[in-house]
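Reader: Please take a close look at the sheet in this model and at the parts that accompany it. I should also like to know where caution is due in reading the coordinates.

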Amino acid sequence: MGFFFSKPVEPAPPTQTTSKKIPKSALRNSERDLVEYDQRLDEERAKAKAKRVEEYLKQEKAKYDFENKEPRILILGSSDSGKSTFLKQLKILHGNGFTSEELERAKKSILFSIFTIARTIVTQASKEVVLSYEPISKLSIDEAKKNIPDDIFHTIMSMWKDPVIKELYYSYGDLFPLNSQHFFDKLDVLITPQYVLSHDDMLLMRTVTQKISDNIFDVDMNGKTQRIHFFDVSGLKYHRKRWMSYFDDILSIVFVVDISSYDQVLSEDQDINRMVDAINLYDFIVNHPLLTKPDIILFFNKKDLYDIKIKRVSLHVHFPAYTGRDFSCSEGLSFLQHEFLKVNKNEKKIVKIHNTCCTDTQMMRKIIKDVLYSILKGDISNVMNL
């Protein structure tokens with residue numbers, strides 16, 4: 001039996017894998033793209049960081065400017081709305097009150113006003129009344145400006161006790177300042193040389209603003225003194241063009257409305273209702289292109305007089321659009337608030353309403369504090385949201 005040897009099978013030669021070399025130019029392009037990507041990323045990060053730094057510096061500058069800048073508040077409103085009385089309250093609460101010269105000057109003004117009212121009543125009365133109080137009618141206005149003898153004031157005191165005179169006085173309605181009765185009632189005290197006007201006297205006397213005044217007060221805001229400028233301007237129609245120059249750089253506007261004037265007309269234009277004039281004036285201010293930034297504080301002033309009047313003079317008589325109950329204080333007030341608020345065409349404009357009686361120091365103490373805190377806090381909030 002023979003042996004059979006098979007030929008060993010030679011293993012197949014290994015398969016040669018050919019690897020394609022990447023061109024050096026492609027590698028260079030890839031590296032360049034990567035470098036450019038990293039550079040873009042770094043640039044974007046740098047820009048974002050620069051923007052954050054810029055924003056921070058902007059906020060810090062605005063905060064610094066606010067803290068070192070003296071805020072300017074503009075007091076606006078129709079004539080005889082109570083703007084000057086609001087300013088007097090600021091002097092009492094945040095100023096040094098009134099100087100002896102201011103008190104003496106105000107006293108002379110009050111006494112002269114009493115004389116002119118008494119003279120108007122007497123000269124318009126019947127012949128018998130005129131004869132009874134002839135010394136009053138004989139003294140001319142020009143003479144009274146120089147000096148009013150004491151015997152004239154004694155005659156006025158007698159006149160004021162006369163029921164016929166009282167009836168004539170009330171029949172003139174709103175022709176005379178609403179608070180003049182206060183001074184007639186205390187005329188015997190007023191004419192004494194030693195009497196010094198009280199804060200109430202100063203608040204109740206009517207002051208007609210004839211010029212624009214910058215009134216500076218140092219107000220304590222949570223332990224820090226903040227100096228604030230209040231600009232008081234005349235509300236008479238022919239003085240309103242002067243307001244424009246004070247519209248720049250105003251922090252806030254206090255707009256004062258006499259809400260008891262809904263049945264009265266302007267002294268300078270007997271054809272215009274005072275409340276309608278106030279609404280039109282507010283429309284002009286709230287939508288003025290130069291006043292888009294300042295917030296507005298609406299003072300619905302003389303609330304005490306409104307509460308008395310609304311119970312006897314229906315709002316519907318002078319505002320046919322009013323559909324609420326006659327003689328309702330709250331419904332009438334809501335209607336008037338709506339009439340003012342609806343003219344605002346700027347949805348971002350912040351308007352806050354306060355029902356006020358500017359002659360009431362206790363009420364105004366809290367309102368002024370809240371208003372100032374709100375104004376200054378609101379401003380710094382706006383600054384930090386730049």
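Author: Residues 380-386 have a pLDDT under 50 throughout, although the predicted model gives this stretch 10 contacts beyond four places in sequence. Where pLDDT is low, predicted coordinates should not be read in detail. For the protein as a whole, the average pLDDT is 84, and 80% of the residues score at least 70. Residues 1-6 also fall below 50, and this stretch has zero contacts beyond near neighbours in sequence.

The sheet itself is open and consists of six strands in the order 2-3-1-4-5-6, with mixed pairing. Its edges are strand 2 (213-221) and strand 6 (351-355); each has a single partner strand, so one side of each is left without a neighbour in the sheet. From one strand to the next, the twist averages 25°. At the strand 6 edge, the pairing with strand 5 (residues 295-301) is parallel and extends over five bridges. Within this pairing, I297 has K352 of strand 6 as its bridge partner.

Helix 2 (residues 83-94) lies across strand 1 (72-77), strand 2, strand 3 (224-232), strand 4 (252-258) and strand 5, and runs at about 45° to strand 2.

A helix pair may be considered alongside the sheet. Helix 12 (residues 274-286) and helix 15 (residues 329-341) have axes that come within 9 Å and cross at roughly 35°. Helix 12 contributes M275, A278, I279 and Y282, which meet L336, E339 and F340 of helix 15. By class, this contact comprises six nonpolar residues, one charged residue and no polar residues.

Key. Residues are numbered from 1 along each chain as its sequence is written. This is a predicted model: local features need pLDDT of at least 70, side-chain atom pairs count only at pLDDT 80 or more; totals for chains, interfaces and linings use all residues. Side-chain values use heavy atoms; hydrogens and water are left out. pLDDT is the predictor's confidence in each residue, from 0 to 100. Contact means heavy atoms within 4.5 Å. Axes are lines fitted to C-alpha atoms, for helices over the stretch in contact, and angles run from 0 to 180 degrees between N-to-C directions. Helices (H or I, at least four residues) and strands (E, at least two) are DSSP runs, numbered from the N terminus. Ala, Val, Leu, Ile, Met, Phe, Trp, Tyr, Cys and Pro count as nonpolar, Asp, Glu, Lys and Arg as charged, and the others, Gly among them, as polar. Two strands pair if DSSP finds at least two bridges between them.
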